[in-house]
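Work through the exercises below with the model open. Try each task before reading its solution.

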Amino acid sequence: MMDLVLSSVEQGVLTLTFNRPERLNAWTDTMGRRYFDQLAEAEKDPEVRVIVVTGAGRGFCAGADFQTLNAIQDGSYEGEPDRRPTTFPATIGKPVIAAVNGACAGLGMVHALVCDLVFTAAEAKWTTAFARRGLIAEYGLSWILPRLIGQARAMDLLLSGRTFTGAEAYRLGLAGRSVPGENLLEETLAYARELATHSSPASMAVIKRQVWGDWDRTLEASESAAVRLMAESFGRPDFAEGVASFVERRAPRFPPL
């Protein structure tokens, strides 16, 4: 179980790597439980400021493992899915960046899009796949996709189940950056280190909560909450350090979250 998701920490960045390369990192209950456990551990680890999620080999995550789907179909499935929701990464107080290095299909696409940022290899293959397997838009994807790319484009991807590239994912607005695959992890980690070095952990945690939480709020409610949150930020040591580092023209020394 420990080997299903590899982890390493360097310069404030935790890299988590789905590690079932022979199955294009297809999702299993055990792998998912390990992934969520590591996210929860990272939440508490003062050394970790940013989290990068990627896949070993040629895939990011090719969706639910077909052995699981077959077991569900024939009634022999005895697994125990994690009680934490698929949206769990959105509740972590630290930025989570998906580095989509290859196949990103079905449930794998859901797990990419519930990260805060997505970088993708231009040649990576993306697909919702659900309609072509007799399934439906899983785990909130029917809510996320229209908000990211609009209803018409979301309908196209969900109804057709067509395969598209990372380059198109970027043009549609699913990814913030599209780069050649050989440069993907390097560029993602460089961006993550920039956040870990120059952005306040407390500020990033509050901003993340604002962005995910404001999708269902009115503008007035969002503005009202922001006034309160801004007043709270004035009292944090991060604010004093952010101003001091700017005035003194040096890198900030923000406390851990």
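**Exercise 1. Find what share of the contacts between residues at least 6 apart in sequence join residues at least 24 apart.**

Solution. Start with the term: a contact means heavy atoms within 4.5 Å. Take the pairs at least 6 apart in the protein chain; 70% of these contacts join residues at least 24 apart. Note the basis: this is a predicted model, where local features need pLDDT of at least 70, side-chain atom pairs count only at pLDDT 80 or more, and totals for chains, interfaces and linings use all residues. Residues are numbered from 1 along each chain as its sequence is written, and side-chain values use heavy atoms, with hydrogens and water left out.

**Exercise 2. Check the radius of gyration of the protein chain against a compact globule.**

Solution. Take the radius over C-alpha atoms; the globule rule is 2.2 Å times the number of residues to the power 0.38. For 257 residues the rule gives a value near 18 Å. The protein chain has 19 Å, which agrees. Then read the spans of the C-alpha trace along its principal axes: about 60 × 40 × 35 Å.

**Exercise 3. Trace the open sheet and name its edge strands.**

Solution. Strands here are DSSP E runs of at least two residues, numbered from the N terminus. Two strands pair if DSSP finds at least two bridges between them. Four strands give the order E4-E6-E8-E9, with mixed pairing. The edges are E4 (59–61) and E9 (164–165), each pairing on one side only. Next, follow E4 to E6 (residues 103–105): two bridges join them, and they run parallel. Finally, cysteine 61 has cysteine 104 in E6 as its bridge partner.
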